[in-house]
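Welcome to this short tour. Take a moment to turn the structure around and follow each chain from end to end before reading on.

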Amino acid sequence: MKKDLESELREALRPVAPSADFTRRLIAQMEAKSAPAAAPPRARPLARPLWWVSGLAASLLIALGVQQHVRAQRELANGLEARRQVLQALHMTSQKLDLAYEAVKHQSSSLLDSESGA
Amino acid sequence: MALALRSINLNDSSLDYLDQQLDRARAGQSSAIAVLIRAHQRSVYSLALRMLGAREPAEDLAQDVFMQMSDHLKQIESNQHLVFWLRKVTTHKAIDQLRHRARIEWTALDENQAISDPTEHRDPLLQRHLGALLQNLTPDARAVVLLRYQEDLDPTDIARTLDMPINTVKSHLKRSLESLRERLEEVLP
Amino acid sequence: MRHRITILLWIFLMPGLAAAAPNARLLLPDFSALSKKASESVTITLDPNLLAMAARFLDSKDPEEAQTIEVIKGLQGIYIRSFTFDSDGAYRASDIEAIRTQLAAPGWNRLVETRSRKTHANVDIYIMVDKSQAVGLAVIASEPRQFTIVNIVGAIDLDKLHKLEGQLGVPKLDIDTSKAEPTPRAAPAPKAP
């Protein structure tokens, strides 16, 4: 009973996934939080002519961030697809080997039968 | 062989990979932070969900934990350390929240908020009861049970995670199992 | 009874299969014409990078997947082409002749050749041996409505693959693996054509 309850608990407590857009919302929240910190504190008169540079740099950083995010998502999708293919490949290989095994087994038993018959 | 996609798994090569991602995340790469979040979100969210009993507060808490993680990346030495850190922060935050709640309607969990994955059930009724009964445990006891049976930690690691004496962990486990068993017999005679 | 098992065991449990030899990879023809005729086609091309990536997404805590990780650890590639048709005779033997020609090259040995009169399923199993070590596996399986080519390149760890018995459908061989002989005496056609 103890063992059963423990295994039922393990089954019941398998990790579950949050909502599909959880990561996206979280990353957006993180980026929103870090954006003001990344901006220059307060424009001093001398720095004013360089605002456009900061703007451009910020845009580039955002673009880079988006690109990296997209890359990470692609990496994840590729990894899961590779995993699926490996499992399928091993399964198919084993099926064909099984086919050969069955044929060899059948052939061997036929030989044995004919030997014992003789 | 199950072909169902599960969370990113933590085998040896994954750990190397996640250690690399941790280095990149420390350097401020948001793609690496996204990978770390995806790798650990199921564990963090499931702990939060089963501690708090509802999806929305669980997602809020999980978000909170990951936001804190991004602020503390420099203090996290490895992916293994990160796993420990995430469990610790999640359970402590959840216990704090529960202690501040005046009263919680644990039985209010509806089917849409089932805290276990319905596709994985061997005995759906039993599993659902177990999920609900878990909510009757005290926050500390629930955290111990979750770390033991969801996260597969041994009592020593549970004690470290919850900053709790090991004997307390063991007694929580023993009493929780007894209580769950008794209550199960009541609802599923 | 025992020798028939030895054949398959030798494939699985061949010592080493150590470093991958580049020529263990077959040049698989472009089957696009057949693919159009097939009701189902499977194309799997897993190079070392993809195998390494897949290993990262397998669960080492899951006993079955942990064994799969062990099996693919030493592999350099898995290449599969499989086509299923709605009617008999939709493909010709010549479609796979290019593969057989490559398997006639030095290094490749045909271990098993099975021809079933009952199911008309033919399966040929080849291994490539380099410096007394097998470094590749090829399987050609043809049935009236299906043919499949499997090419595995690299170090297949025999004991580990053996552990997959029954889990991936690999036949349960029920034999002492340490006694496997490297001589496929039961193979009906020990030489490549």
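Chain C of this predicted model has 6 helices and 6 strands. Starting at the N terminus, its elements follow the order α-α-β-α-α-β-α-β-β-β-β-α. Chain C has 193 residues, and 43% of them are buried. Among its contacts with a separation of 6 or more, 72% are between residues 24 or more positions apart.

Chain B is built from 8 helices and 0 strands, so its pattern along the sequence reads α-α-α-α-α-α-α-α. The table sets out some values for these two chains.

| Chain | Helices and strands | Buried residues | Contacts joining residues at least 24 apart, out of those at least 6 apart |
|---|---|---|---|
| Chain C | 6 helices, 6 strands | 43% of 193 residues | 72% |
| Chain B | 8 helices, 0 strands | 39% of 189 residues | 62% |

**Two helices of chain B**

Now look at α6(B) and helix α7 of chain B, which spans residues 155-162. Their axes come within 10 Å and cross at roughly 130°. An angle from over 115 to 145 degrees counts as oblique, and α6(B) and α7(B) are therefore oblique to each other. Their crossing is right-handed. Which residues in α6(B) and α7(B) meet? From α6(B) come B:A143, B:V144, B:L147 and B:R148, and from α7(B) come B:I158, B:T161 and B:L162. Sorted by class, this contact has 5 nonpolar, 1 polar and 1 charged residues.

**Where chains A and B touch**

How many residues does each chain bring to the contact between chain B and chain A? Chain B gives 40 residues and chain A gives 33 residues. On the side of chain B that touches chain A, the elements giving two or more residues are α2 (30-52), α3 (55-71), α5 (124-134), α6 (139-149) and α8 (166-187). The largest share of that side, 14 residues, belongs to α2(B). By class, the side of chain B that touches chain A holds 18 nonpolar, 14 polar and 8 charged residues.

**One residue on the chain A side**

To finish, find A:L26 in helix α2 of chain A, which covers residues 22-38. Is A:L26 buried or exposed? A:L26 is buried because 23 other C-beta atoms lie within 10 Å, and the cut-off for a buried residue is 20 or more. Setting aside neighbours within four places in sequence, A:L26 is in contact with B:I37, B:Q63 and B:F66.

Technical notes:
Residues are numbered from 1 along each chain as its sequence is written. Chains are lettered from A and ligands numbered from 1 in the order in which they are written. This is a predicted model: local features need pLDDT of at least 70, side-chain atom pairs count only at pLDDT 80 or more; totals for chains, interfaces and linings use all residues. Helices (H or I, at least four residues) and strands (E, at least two) are DSSP runs, numbered from the N terminus. A residue is buried if 20 or more other C-beta atoms lie within 10 Å of its own, exposed if 12 or fewer, and partly exposed in between; C-beta atoms are placed from the backbone. Two residues are in contact if their C-beta atoms, placed from the backbone, lie within 7 Å. Ala, Val, Leu, Ile, Met, Phe, Trp, Tyr, Cys and Pro count as nonpolar, Asp, Glu, Lys and Arg as charged, and the others, Gly among them, as polar. Axes are lines fitted to C-alpha atoms, for helices over the stretch in contact, and angles run from 0 to 180 degrees between N-to-C directions. Angles under 35 degrees count as roughly parallel, over 145 as roughly antiparallel, 65 to 115 as roughly perpendicular and the rest as oblique. A crossing is left-handed if the near helix is turned anticlockwise from the far one by less than a right angle, and right-handed if clockwise.
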